[in-house]
Amino acid sequence: MMVVDALVVGVAGDARQPTEVVLARRDDCGELRQIGLSLPLASALRTEVGARVRLTGEPAVQVSTGVFGRGHTDYLPVQPDLVVEVEAESSVESFTNRLRPRVYRVRPDLRPDDAAL
């Protein structure tokens, strides 16, 4: 496991108190690529993330909730401008995560470009 910075690109549940977030990182070409749905957020993180995300207005999208595509949940897309620190498998660097990342904290001190590989 490794700790990396990632961007929140979606929220599951109530946008003001999301239960989980969809995370992404930029690849070598600068394109945003999903690394997956987070584990459930701690209560304090739900409040902080909910206060900082901005919905895009796009319709809900489905994301896999488990290994090998088992299970799905709906999420609302958000502007990719919130950086969070997460613990993820080292395979996160190659965008082949199997396990859901754990969000540790919001990084208001970082800009979206700071979360690049």
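Buried, in this talk, means under 20% relative accessible area. Keep that cut-off in mind.

The model is predicted. By that cut-off, buried residues make up 41% of the 117 residues in the protein. As for surface, the protein exposes about 6,200 Å². Carbon and sulfur atoms supply 48% of that area.

Now, confidence. The average pLDDT is 87. A score of at least 70 is reached by 86% of the residues. Where pLDDT is low, the predicted coordinates should not be read in detail. Among the secondary structure elements, which end of the scale does each take? Helix H1, residues 43-52, has the highest confidence, at 97. Strand E4, residues 61-64, has the lowest, at a mean of 83.

Next, the fold. How many helices and strands are there? One helix and six strands. Their order along the sequence is β-β-β-α-β-β-β. So much for the order; on to contacts. Take the contacts in the protein with a separation of 6 or more. Of these, 56% are between residues 24 or more positions apart.

One residue to finish: Arg33. Where does Arg33 lie? In strand E3, which covers residues 32-37. Arg33 has 38% relative accessibility, so Arg33 counts as partly exposed. The reasoning is short: partly exposed sits between under 20% for buried and over 50% for exposed. Then look at Leu23. Leu23 and Arg33 are ten residues apart along the chain. Their C-alpha atoms are separated by 8.5 Å.

Notes:
Residues numbered from 1 in each chain as written. Predicted model: local features only at pLDDT ≥ 70, side-chain atom pairs only at ≥ 80, totals over all residues. Heavy atoms only, no water. pLDDT = per-residue confidence, 0-100. Helix = DSSP H or I, 4+ residues; strand = E, 2+ residues; numbered from the N terminus. Buried < 20%, exposed > 50% of the residue type's maximum accessible area, 1.4 Å probe, protein only. Contact = heavy atoms within 4.5 Å. Areas by Shrake-Rupley, 256 points an atom, 1.4 Å probe, with all protein chains shown as cover.
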